[in-house]
Each structure stands twice: as C-alpha cells, then as structure tokens.
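Visitor: I'm new to reading protein models. Could you walk me through this one?

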Amino acid sequence: MKVETIAIHSGTIITDTNRPAVQPITTATTFEHHEGSMVYTRAQNPNRLALEQVLAKLEMGADAAAFSSGNAAAMAIYQALPSGSHIIAPDDMYHGIRRQLLEIFKGIHATTFVDMSNLEQVRSCIRPETALIWVETPSNPLLKVTDIKGVVNLAKQFGLKVACDNTFATPIFQNPLLLGADLVMHSTTKFLGGHSDLLGGALICRANDAFWERIRMVQHVGGAVPSPFDCYLLTRSIKTLPYRMRAHHANAMALSKFLSSRPQVEKVFYPGLPEHAGYEVAKAQMSGFSGMLSFTVKGGADTAEAVISKLRWFTHATSLGGVESLIERRAAVEGPDTLTPANLLRVSVGLENPDDLIEDMKQALA
C-alpha cells in the first residue's frame with residue numbers, strides 16, 4: 001500500500017458485529033477471560049492496538065508502542081537501558097527530553113551532548129559504556145540536520161543502538177528505520193495528532209528484539225499509556241496526515257523564502273532552503289522539509305517579542321503541528337540555561353492560506 005492508503009486503512013480494527021466504517025471507542029478497562037482475549041486496558045486496548053498498527057506500517061517498522069506523551073515514550077528507552085549506560089545526544093534538541101537526561105537520569109546514565117551534524121565529534125564521544133546515540137533531525141529549535149545513515153554506520157562499528165526523534169519530519173517525509181535506525185520516536189501530540197487537541201507519544205522498532213521487549217515491559221508495567229479516546233482521535237487524525245503534511249511543507253517553504261528576503265530578519269533556519277547548512281543531507285534523506293522553521297530578528301529579545309505582539313494569524317503559544325500557525329520566542333520557554341538565541345522565533349506553519357501568513361508577517365516585521 002502507498003502511504004495515503006496505509007494512513008486511512010491500517011488504523012482500523014473492527015470487532016463490532018454491525019461492521020461500522022469507523023472503529024468504535026472501547027472504554028472498557030477489563031475484558032472477559034477467554035482464549036486470545038485482552039485482559040486489562042493498561043496492557044492492551046482495541047483502539048491502542050489499531051493505533052500501534054498504523055504507526056508501525058507508516059514508519060515501515062516491525063512493531064509500535066503508544067504512550068501517554070512524547071516524553072513518556074523517550075523515557076521508556078532510557079528506562080530500558082542498563083544502569084550506568086552512556087548516551088550521546090544532540091546539542092540542539094527538544095528541551096523536555098534534554099531535561100530528562102540532565103535531571104531525571106542524572107546518576108543513572110551519563111550523557112554527552114554533541115553537534116550531531118559532525119560525525120567525527122560523535123565518534124570522539126564514544127566510550128566503552130556507550131549504549132545509545134539519540135538523533136533528532138531536523139532538530140528543535142535550530143532545525144539542524146543529522147546524517148542518519150552516517151550515524152548508523154558509526155554506531156554499527158561499536159554495536160550501539162540508534163534512536164531517532166522523527167517528530168518534525170513525520171513518517172511522510174522521513175523514515176529513519178529504512179536508513180538503519182533501531183528506533184523511531186514521535187511526540188504524536190504534534191503533526192500526527194495535527195489538531196492541538198490530544199497528548200501522546202510513540203516508539204516504533206526496526207526489529208522485535210530483546211531491547212524492544214524490555215521497552216514493551218516498561219510500557220506495560222510503567223503504565224504511561226494513552227486513553228482509548230486519545231488513541232481514537234490520533235488514529236482519526238492520521239487518516240489525513242499525508243495531505244496535511246504536504247500543505248504544511250508548501251506553506252513553510254513559502255514563508256521561509258519570504259523571511260529570507262526581509263531586511264529585518266537576521267537568519268532563517270529551514271532545511272528546505274539551499275543556503276541551509278544541512279540542505280544536501282536533508283534532500284538526500286527527506287522527501288519534504290515539513291512545516292517547522294525558525295528565524296532570528298535583528299535586535300534582541302524585546303524586538304522579537306514586539307514582532308509576536310503584532311501578529312494576527314500566528315498564535316503566541318507553545319507546541320507545534322496543528323492546523324493553526326503558532327509562534328514563540330523559544331528561549332523564553334526553555335529557561336535560563338537555554339542555548340537558543342534570545343532573538344529566535346520558532347514557527348509552526350499551519351494550514352492557513354500562505355498569502356495571508358506572509359502578509360501578516362510582513363506587517364509585523366515592518
């Protein structure tokens with residue numbers, strides 16, 4: 001099946017005798033015992049099973065595990081690692097997962113943060129106890145691009161696992177498992193959910209091995225699973241994912257080109273622009289550049305905040321991937337230890353008419 005057909009049909013498991021076209025929501029927490037039956041909804045639920053099925057097929061993986069948030073999904077990987085493991089992670093990455101490594105897993109694992117676009121730097125950080133290389137590409141919020149194949153080839157030399165946060169790209173534009181990664185992680189709250197109305201996360205594996213079984217155990221015993229209703233909402237949203245992502249990509253490309261032409265803009269970070277440092281790698285491993293971009297305005301934090309205050313169609317809010325355009329000064333959200341420039345604005349480009357978005361940005365910058 002092609003991706004559009006997978007998105008529509010692979011997330012449907014019908015058990016109702018009336019054969020509805022849309023899978024019903026099963027809210028039961030427990031199930032009658034019989035051969036092959038589900039037992040308890042923390043372990044299995046029909047809606048979660050359908051969601052995990054479509055996620056695995058979209059990412060071309062062997063299996064998927066759904067979680068209550070993206071943070072919970074990432075944490076399951078770190079919990080599955082042997083105590084004392086060393087992790088190599090990007091110097092530019094989602095700050096919530098960075099905080100996990102620095103605060104929750106401090107004393108349990110050691111982490112080295114490195115410019116993941118420089119493979120020699122990555123190689124230089126490998127230790128005997130290194131167990132995992134965490135990749136995030138494009139990265140949040142600087143849209144850095146990592147050569148997934150390059151990292152995988154390096155990891156294979158040392159027997160390391162590679163996990164890739166694919167939230168920005170989505171499986172529509174990038175499939176890390178096909179490039180050799182062992183695991184893919186998503187905050188399904190974002191583009192996969194697509195409507196800013198659900199919270200979720202997911203992991204997808206390339207092979208159903210012993211490490212994956214341990215992650216599954218963490219999911220089951222830890223219990224950080226999504227509700228049946230959230231699974232239903234997410235499966236419904238995935239049906240339109242391929243078409244939504246093409247529009248996000250087109251709008252972001254148009255806005256990034258406009259911003260690049262404005263004298264008030266210092267720099268635009270979007271991997272679809274030829275001047276982006278990671279453009280060639282992105283072009284080789286992505287079929288589209290998605291709907292996220294960042295840019296720095298000339299001036300400091302106050303200037304950036306002033307631009308936000310004048311916008312009409314960009315909502316000043318955290319998160320990303322919804323149909324509405326969102327903007328925020330990312331350093332203000334990440335806190336005092338942030339490495340993000342104070343004048344950087346991160347934009348989740350929505351599905352509004354691109355001419356309206358460009359006109360709005362033009363008047364705000366002016």
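Here are some questions and answers about this predicted model.

Visitor: In the open sheet of 5 strands, which strands stand at the edges?
Guide: Let's read across the sheet: the order is β8-β9-β12-β11-β10, with mixed pairing. A strand with a single partner has one side left without a neighbour in the sheet, so we look for the two strands like that, and they are β8 (265–269) and β10 (314–316).

Visitor: By how much are neighbouring strands of this sheet turned against each other on average?
Guide: We're still on the sheet with the order β8-β9-β12-β11-β10. Ignoring direction, the average turn between neighbouring strands is 25°.

Visitor: Do β8 and β9 pair in the parallel or the antiparallel sense?
Guide: Strand β9 covers residues 292–297, and 4 bridges link this strand to β8. Across the pair, Phe-269 stands opposite Ser-294 in β9. The sense of the pairing is antiparallel.

Visitor: Which helix lies across β9, β10, β11 and β12?
Guide: Careful, there are two helices to think about here. Helix α10 (residues 241–260) lies across β8, β9, β10 and β12, running at about 15° to β9. The other one covers residues 301–310 and runs at about 160° to β11; that's helix α12.

Visitor: Is Glu-334 buried or exposed?
Guide: Glu-334 lies in helix α13 (residues 330–334), and touches His-95, Pro-141 and Thr-340, leaving aside residues up to four places away in sequence. Its relative accessible area is 12%. Buried means under 20%, so Glu-334 is buried.

Visitor: Which residue's side chain does a polar contact of 2.5 Å join to the side chain of Glu-334?
Guide: Remember that Glu-334 is in helix α13. The partner in that 2.5 Å side-chain contact is Thr-338.

Visitor: What is the omega of the peptide bond from Asn-140 to Pro-141 near?
Guide: Most peptide bonds are trans. The loop between β4 and α6 holds Pro-141, and Pro-138 sits in the loop between β4 (130–136) and α6 (148–158) too. The bond from Thr-137 to Pro-138 is cis, with omega near -10°. The bond from Asn-140 to Pro-141 is also cis, and its omega is near 10°.

Visitor: Is Arg-19 buried or exposed?
Guide: Arg-19 lies in the loop between α1 (3–9) and α2 (46–58), and has a positive phi, near 55°. Its relative accessible area is 58%. Exposed means over 50%, so Arg-19 is exposed.

Definitions and conventions
Residues numbered from 1 in each chain as written. Predicted model: local features only at pLDDT ≥ 70, side-chain atom pairs only at ≥ 80, totals over all residues. Heavy atoms only, no water. Helix = DSSP H or I, 4+ residues; strand = E, 2+ residues; numbered from the N terminus. Buried < 20%, exposed > 50% of the residue type's maximum accessible area, 1.4 Å probe, protein only. Polar contact = N/O pair within 3.5 Å; in protein donor to acceptor, adjacent residues only side chain to side chain. Contact = heavy atoms within 4.5 Å. Pairing = 2+ DSSP bridges. Axes fitted to C-alpha atoms, helices over the stretch in contact; angles between N-to-C directions.
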